[in-house]
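I opened a fresh page for this model. I wanted strands, one side chain, rings and sulfurs, in that order.

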Amino acid sequence: MRSRYSAFCCGDVEYLLQTHLVGNASPTDASHLRATMANTEWLKLDVLRAETAGDKGVVEFIAYYRDQRGLGQLHERSDFLKQENRWFYSGGIHLPAIKPQRNAECWCGSGKKFKKCCGS
C-alpha cells in the first residue's frame with residue numbers, strides 16, 4: 001500500500017499499473033491516472049488497518065490531498081492479492097470521509113492544528 005501511495009506522489013503510472021491485478025485494469029486507466037496526478041498533490045497517508053490471511057490482504061487507509069478544489073481525503077478499504085511473492089491491488093471500496101478531530105494536526109503539513117489552519 002505504501003509503495004502505491006509513493007507512486008501516486010511521484011507520478012509513477014507504470015508502477016501503479018504493474019501492481020494492479022492483471023485483468024482488473026483497463027487501457028484507459030493510464031490516461032486517467034496521469035490526468036489525476038497532474039492536478040493532485042498528495043500530502044499524507046494514514047494506514048488505519050492492515051490484515052492478511054494467506055494470499056489475501058485488506059488495507060484501510062486515508063490519503064490526504066490538495067487539488068484545484070482545496071484539501072480532501074480518499075478513505076478506502078483496498079483488497080490485495082499475493083501472487084508469486086508480490087502483492088497486487090485487486091480493488092477497493094470508497095468509504096465516507098472522516099472529519100478531523102478537534103485538535104488534530106492539519107493535513108497540509110503546516111504543523112498547526114486543522115481548526116487554526118485549513119479548517120478555518
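My entries follow, topic by topic.

**Strands.** I am working from a predicted model. I started with strand β2, residues 56-67, and strand β3, residues 70-83. They pair in the antiparallel sense, and I logged 12 bridges. K56 sits opposite L81 in β3. I then looked up the connection: β2 and β3 make a hairpin, with two residues between them.

Next I followed β3 to its pairing with strand β4, residues 86-94. This pairing is antiparallel too, over eight bridges. Here I noted F80 opposite Y89 in β4. β3 and β4 also form a hairpin with two residues between the strands. In that hairpin E84 has a positive phi, near 50°.

**Q73.** I picked one polar residue in β3, namely Q73. Is Q73 buried or exposed? Its relative accessibility is 13%, so I entered Q73 as buried; the cut-off is under 20%. What does its side chain reach? I found the backbone oxygen of I98 at 2.8 Å. I also listed the contacts of Q73, leaving aside neighbours within four places in sequence. They are I62, A63, Y64, Y65, A97, I98 and W107.

**Rings.** I counted six aromatic pairs. One of them brought me back to F80 and Y89: the ring centres are 5.8 Å apart and the planes stand at 70°, so I filed the pair as edge-to-face. The cut-off for that class is over 60 degrees. Both F80 and Y89 are buried. These two residues also stand opposite each other across β3 and β4. I then traced a cluster joined by ring pairs. Its members are Y5, F8, W42 and Y65. Y65 was already in my notes as a contact of Q73.

**Sulfurs.** How many disulfides are there? I got zero. I wanted to know why, and checked the distances against the 2.5 Å cut-off. For C108, the closest cysteine sulfur is in C106, at 3.6 Å, so this is too far for a bond. For C117, the closest cysteine sulfur is in C108, at 3.7 Å, and that is again too far for a bond. I checked the accessibility of C108 as well. Its relative accessible area is 22%, so C108 goes down as partly exposed.

Notes:
Residues are numbered from 1 along each chain as its sequence is written. This is a predicted model: local features need pLDDT of at least 70, side-chain atom pairs count only at pLDDT 80 or more; totals for chains, interfaces and linings use all residues. Side-chain values use heavy atoms; hydrogens and water are left out. Two strands pair if DSSP finds at least two bridges between them. Helices (H or I, at least four residues) and strands (E, at least two) are DSSP runs, numbered from the N terminus. Buried means under 20% relative accessible area, exposed over 50%, partly exposed in between (1.4 Å probe, protein chains only). A polar contact is a pair of N or O atoms within 3.5 Å; within protein, one must be able to donate a hydrogen and the other to accept it, and residues adjacent in sequence count only if both atoms are side-chain atoms. Contact means heavy atoms within 4.5 Å. Rings of Phe, Tyr and Trp (its six-membered ring) pair if their centres lie within 6.5 Å; planes under 30 degrees apart count as stacked, over 60 as edge-to-face and the rest as tilted.
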